[in-house]
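Work through the following exercises with the sequence and the coordinates side by side, and try each task before reading its solution.

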Amino acid sequence: MGAATLWHSSPDKDVGSKSDPLCVLFVSTGENQWAEIDRTERVKNCLAPKFSKRFLVDYYFEQVQKLKFGIYDIDNKTIDLKDDDFLGHFECTLGQIVSSKKLMRPLMLKNGKLAGKGVISIFAEEVKDNRMVNLQVQARNLDNKDLFGKSDPYLELHKQTEDGKWQIAHRTEVIKNNLNPSWKAFKIPLHSLCSGDLQKPVKVECYDYDNDGSHDLIGTFETNVAKLQEASQNGTEFECINPKKKQKKKNYKNSGTVVVKSCQIVKEYSFLDYIMGGCQMNFTVGIDFTGSNGDPRSPDSLHFINPNGFNEYLMAIWSVGMVIQDYDTDKLFPALGFGAQIPPTWQVSHEFPINFNSDNPFCAGVQGIVDAYRSCLPQVKLYGPTNFAPIINHVARFAAAAVQQPTASAPKEALAQSVLAEVPQQVVYYFNTRKISPPTEQKPEDFLDF
């Protein structure tokens, strides 16, 4: 679910200028506990900002997903919000946003009172298309809007909504003092730019940035993604037209041109694409048996098993293992220990199976790891030093061998049901940075109804 936010009529916290607001999205993690999910860009000197940054939130019908949108006036470069002015917030559930599609509500202060006349508007739309548009553009001979120096241009790309209005999809960086700027390459979700329709109108506006927020329109033009692709191949330039100048000047031609250096549509794979495409995750446990943990018989030790039958290591094994095990078909996990003197020779080992079976260090499921750990703990002597490199090398060798094996297939039903709420972004990031596609891409007819 992609949520775009805009808010207006906000309180002004800056003296001598307007506020520089941004919006932060929080998700509830418990009673009065909130975790930050993402934040928009900061819009300088503006009391009615339209944020171009989209929030992507997984939607689950069966869960009550509590969200909070916080508005802050940012006057420094630190990430910490504690030293920024709080302008107001709004709490709701994702279900409320989904059922409304557009939600407009007053901003509230922390004491429960209205934050002046501040209002937040939240637009929601379902994200079905995971294609991205990679763009790199430059401009030539832009009009000079500044008396001293040259224009400071930036671009805004707008999507046309169902009611014919324009909604901002992306804003480039500002390039100072340049009438022939070349902006950094950027990418936009195809759905956010044109709802996946390459022929749908897209409006591009070029502005001259001003510190006081009164940005001057240099020129604008309408096009579509298909034409942007063609222009990147044949060198077509788009004329930036300023309506006021065109109306006043008979010989007016344009206020500069925009050149598309590159326009590519690429698919940005999700974690589900990899899982449904045949990717599996293998879980290996490494347990620290060094003396720094303390005597297992002492309540101060991390290895001390309390009257309820748990300790810090068991809790960690359960918490991580219960999530990861759903992504492994055989659910056989190697569990290794390091930093202990082990029987029968009592030599220090930094890579030993906690089930003491070197030929088969695998444990059956998370419970198998727990049982092996409980059996192993009283049989070893905690020692040292802390050296987990052998275990990391062990996993690396295992991974290298797995690459040479044919891709295993698993029932689609089991894989689909195993995808949990916390999508592990690290997996997607790993494959994306290496430009690796899923082993097999799913066709529309392959998807399940569930």
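The exercises below concern a predicted model, and each task is followed by a stepwise solution.

**Exercise 1. A charged side chain in a loop**

Locate Asp 84 relative to the strands around it, and determine which side chain of opposite charge is nearest.

Solution. Begin with the secondary structure, where Asp 84 falls in the loop that connects β5 (66-73) to β6 (85-93). Next, consider its surroundings: leaving aside residues up to four places away in sequence, Asp 84 touches Asp 73, Ile 74, Asp 75 and Asn 76. Finally, look for a partner of opposite charge; the nearest such side chain is that of Arg 39, at 5.9 Å. A salt bridge requires the side-chain nitrogen and the carboxyl oxygen to be within 4 Å, and Asp 84, although buried, has none.

**Exercise 2. A lysine in a strand**

Decide whether Lys 159 is buried or exposed, and find which backbone oxygen lies 3.1 Å from a polar atom of its side chain.

Solution. First place the residue, which belongs to strand β10 (residues 153-160). Its relative accessible area is 4%, and because buried means under 20%, Lys 159 counts as buried. Then turn to the polar atoms of the side chain, one of which lies 3.1 Å from the backbone oxygen of His 191. As a last step, list the contacts beyond four places in sequence: among them are Glu 125, Trp 166 and the residues His 191, Ser 192, Leu 193, Cys 194 and Ser 195.

**Exercise 3. A hairpin**

Describe how β7 and β8 pair, and identify which residue in the turn has a positive phi.

Solution. Strand β7 (residues 102-108) runs antiparallel to strand β8 (residues 114-125), the two being joined by six bridges. Within this pairing, Pro 106 has Val 119 of β8 as its bridge partner. The two strands form a hairpin with five residues between them, and in the turn Gly 112 has a positive phi of about 90 degrees.

**Exercise 4. A four-stranded sheet and a helix across it**

Establish the strand order of the open sheet that contains β9, and state which helix lies across β15 and β16.

Solution. Reading across the sheet gives the order β12-β9-β16-β15, with antiparallel pairing. Its edges are β12 (186-189) and β15 (237-239), each of which pairs on one side only. From one strand to the next, the twist averages 40 degrees. Inside the sheet, β9 (residues 131-140) and β16 (residues 257-267) pair over ten bridges in the antiparallel sense, with Leu 135 opposite Cys 263 in β16. To finish, add helix α3 (residues 225-234), which lies across β15 and β16 and runs at about 110 degrees to β16.

Definitions and conventions: Residues numbered from 1 in each chain as written. Predicted model: local features only at pLDDT ≥ 70, side-chain atom pairs only at ≥ 80, totals over all residues. Heavy atoms only, no water. Buried < 20%, exposed > 50% of the residue type's maximum accessible area, 1.4 Å probe, protein only. Lys, Arg positive; Asp, Glu negative; His and termini not counted. Contact = heavy atoms within 4.5 Å. Pairing = 2+ DSSP bridges. Axes fitted to C-alpha atoms, helices over the stretch in contact; angles between N-to-C directions. Polar contact = N/O pair within 3.5 Å; in protein donor to acceptor, adjacent residues only side chain to side chain.
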